[in-house]
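Got a minute for a protein–RNA model? Have a look at it first, then read on.

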Amino acid sequence: MRLSNLYLPTTKEAPSDASLPSHIFLSRAGFISQVASGLYNFLPLGKKVLKKIENIINEEMEAIGAQEVELSFVTPAELWQESGRIEKFGKELLRFKDRKENLFVLGPTHEEMMVNLVRNKVTSYKQLPLHLYQIKTKFRDEARPRFGLMRGREFLMKDGYSFHANVEDLDREFNAVEEAYKKVLTRLGLNFRIVEADSGAIGGTGSKELMVLADSGEDTIAVCSKCEYGANIEAAKRSERLDIPEAPQAQFNKFLTPDVKSIEDLSEFLKIDSYYTVKAVAKRLVFEDRTEIALFFLRGCDSLQEKKAQSVTKAIDLVDVDESELEAVGLIAGFMGPLDQDKVKYVIDADLYEAKNMICGANEKDYHFVGVDMLVLNDAFFADIVEVKEGDGCPYCDGTLSYTKGIEVGHIFKLGTTYSKVLKAEFLNERGQAEPFIMGTYGMGVSRLVAAIIEQHHDENGCIWTKESAPYMVNVMVSNVKDEAQLALGEKLYADLKANRVEVVLDDRKERFGFKMKDAELVGYPYTIVIGKELENGMVQIFERTTSSKEDIKAEKILDVIMDRI
RNA sequence: CGGGGUGUAGCUCAGUAUGGUUAGAGUACUUGGUUUGGGACCAAGGGGCCGAAGGUUCGAGUCCUUUCACCCCGACCA
């Protein structure tokens with residue numbers, strides 16, 4: 001492609017509403033342009049990058065035997081009513097009616113559609129396993145789209161669905177997809193981490209997220225300093241604490257603690273480590289048809305992980321409560337404890353199981369219990385509801401955990417029979433009995449990957465595309481197109497590279513050197529060959545974008561050198 | 001959905017507190033000339049329903065009301 005023909009509107013200034021590097025540079029370099037909130041056009045170079053990523057995904061999916069299909073974007077609302085997700089998705093589902101007043105939605109994900117595609121057609125265990133996928137536009141009417149391509153309303157996603165006769169086979173496929181996804185991200189040149197995730201709302205037995213590490217990531221993940229362990233903060237676990245402080249010695253007793261309400265005050269007042277205090281966190285649980293207040297008890301030194309709390313209580317949402325709401329149900333803020341408390345339901349953090357010498361609220365103003373043995377509560381509901389902190393121990397080795405930020409570019413689920421059951425998608429097993437499919441679902445955000453690549457690979461001058469993601473590998477830049485020798489060599493090199501199947505552009509625009517160089521850096525071609533005034537001495541230059549280094553090469557050798565590099 | 005902010009040329013923004021010639025700059029664009037190794041220079045041009053609707057006024061980009069859009073923080077996010 002000649003840059004004199006390419007539609008590549010680069011700008012010196014970023015659009016005023018862009019804040020992230022990926023948004024700024026993809027806009028400035030003419031890859032995308034915004035249409036409305038969360039909606040973007042892809043210009044020629046942007047489209048080219050999308051195709052690159054799609055091709056890599058297709059190759060890796062082909063390698064594990066997944067088959068590409070394409071489902072319709074507009075989907076009948078009936079399917080969503082059948083699965084019950086029309087309510088669950090709420091306003092994120094964009095709905096509309098056709099001329100016959102039939103209700104449709106724009107597909108935000110395609111579990112229903114895919115199950116519908118195979119049910120009553122795949123009817124025997126002999127036809128399993130089956131893994132179908134597509135790369136297709138999705139639409140989710142997000143409450144707050146933001147950060148350019150990172151969180152759009154319309155976006156390109158690869159979504160795959162596998163069907164199995166048993167759990168072992170799902171496990172095998174799940175692992176195969178994980179490996180394939182690793183290959184995709186590795187080929188794209190990304191620094192990433194696979195982390196354990198909360199599989200909460202969608203259900204199933206496990207899920208993992210693929211996180212591209214970047215400061216601008218929206219997710220916090222806990223990673224181990226020594227081993228491969230990583231988890232979304234919403235699902236992260238930790239080892240048992242080793243440096244346990246000295247326990248306070250006290251007989252079980254009710255103790256006067258006037259006006260001592262916070263954990264900090266309590267440990268100060270009693271001169272004990274907050275490890276031995278019991279913190280009470282009150283939340284209002286929201287369910288489909290009702291709400292109720294519940295208490296969560298943890299060690300005073302820990303804090304509540306709301307997503308975990310939400311999962312164990314099966315609530316749709318958790319909201320904060322104030323003191324008056326607590327009073328209304330007979331709870332006394334600052335003195336709430338699990339003992340002698342039957343006003344509301346409560347969950348105790350698993351770390352408190354069998355804990356001794358604890359201090360907790362007595363559910364009576366100005367009193368705490370001391371010397372509490374949590375074993376007396378062993379009928380209570382214990383669950384992991386704690387949020388891991390930086391410095392906590394890794395659950396799998398002796399390393400420590402620290403936080404980092406990640407961009408979620410993929411999420412793989414072991415779905416089980418969640419959808420096949422409600423949608424009555426069944427097959428006959430070897431004994432002739434009907435069983436619902438065991439399913440897996442695997443998503444990868446293609447347009448988000450475009451942004452993620454730039455978040456991880458840019459500098460103050462613009463994009464730095466990795467080799468497998470670059471829209472063009474080589475930019476042949478003719479410094480001065482009025483110089484016939486320069487232009488002739490540029491044309492020849494351009495033709496030679498094309499003949500060698502290299503993706504190449506020729507910068508034959510009537511612009512000055514500085515302008516072209518700035519553009520080359522902004523767009524981020526991995527290699528720019530500068531044919532300029534040194535040609536008089538038989539030399540040209542290779543500019544490498546990753547290092548910003550320039551290297552003089554003899555003009556007659558340039559083709560060999562560049563072919564060797566790429 | 002709560003809180004905050006911004007809408008003026010293709011883009012980035014002045015101008016709005018205190019209403020008053022024909023609404024400005026930079027950049028981009030067109031034409032001619034000079035230039036040609038880090039977003040050149042000179043000259044001449046084209047380009048605006050001042051987000052929209054209503055109102056106040058002799059007069060509104062500027063004041064009032066309503067509304068729409070976009071951005072940021074939060075809530076939300078299979």
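Here's a quick tour of the RNA surface, one pocket and one cavity.

Keep in mind that this is a predicted model. RNA strand B is surrounded by 43 residues, and α13 is the element that supplies the largest share of them, 8 residues. Away from that topic, there's a second largest pocket of about 530 Å³ and a cavity of about 30 Å³.

**Who sits around the RNA**

- The closest residues to RNA strand B are Arg 140, Arg 151, Phe 515, Glu 521 and Lys 550.
- If you sort the surface near RNA strand B by class, you get 19 charged, 14 nonpolar and 10 polar residues.
- Two elements that each put at least two residues into this surface are β1, spanning 32-36, and α13, spanning 513-523.
- Which part of the RNA does the protein touch, backbone or bases? Sugar or phosphate accounts for 44% of the strand B atoms within 4 Å of the protein, and bases make up the rest.

**Polar contacts worth a click**

- Gln 34 brings a polar side-chain atom to 3.0 Å from a phosphate oxygen of RNA strand B.
- Lys 533 works through its backbone here: an N or O atom of that backbone is 3.1 Å from a base oxygen of RNA strand B.
- Asp 17 has a polar side-chain atom 3.5 Å from a sugar or linking oxygen of RNA strand B.

**The second largest pocket**

- This pocket has a volume of about 530 Å³, and 28 residues line it.
- Nearest its centre you'll find Arg 238, Ser 239, Glu 240, Arg 241 and Gly 393.
- The lining of the second largest pocket splits into 14 charged, 9 nonpolar and 5 polar residues.

**The cavity**

- How many cavities of 30 Å³ or more does the structure hold? There is 1, and the largest cavity comes out at about 30 Å³.
- Its lining is made up of Leu 3, Leu 8, Asn 475, Asp 507, Arg 509, Lys 516, Asp 519, Ala 520, Val 523 and Tyr 525.
- By class, the lining of the largest cavity has 5 nonpolar, 4 charged and 1 polar residue.
- Which element gives the most to this lining? That's α13, with 4 residues, and α13 also provides the largest share of the surface near RNA strand B.

Definitions and conventions:
Residues are numbered from 1 along each chain as its sequence is written. Chains are lettered from A and ligands numbered from 1 in the order in which they are written. This is a predicted model: local features need pLDDT of at least 70, side-chain atom pairs count only at pLDDT 80 or more; totals for chains, interfaces and linings use all residues. Side-chain values use heavy atoms; hydrogens and water are left out. A residue is near a molecule or strand if one of its heavy atoms lies within 4 Å of it. A polar contact is a pair of N or O atoms within 3.5 Å; within protein, one must be able to donate a hydrogen and the other to accept it, and residues adjacent in sequence count only if both atoms are side-chain atoms. Ala, Val, Leu, Ile, Met, Phe, Trp, Tyr, Cys and Pro count as nonpolar, Asp, Glu, Lys and Arg as charged, and the others, Gly among them, as polar. On a 1 Å grid over the protein atoms alone, a cavity is a set of points where a 1.4 Å probe fits but cannot get out, and a pocket is an open set with protein on both sides within 12 Å along at least five of seven lines; lining residues have an atom within 4 Å of a point. Grid points are joined across faces, edges and corners, and a volume is the space filled by probe spheres set on the points.
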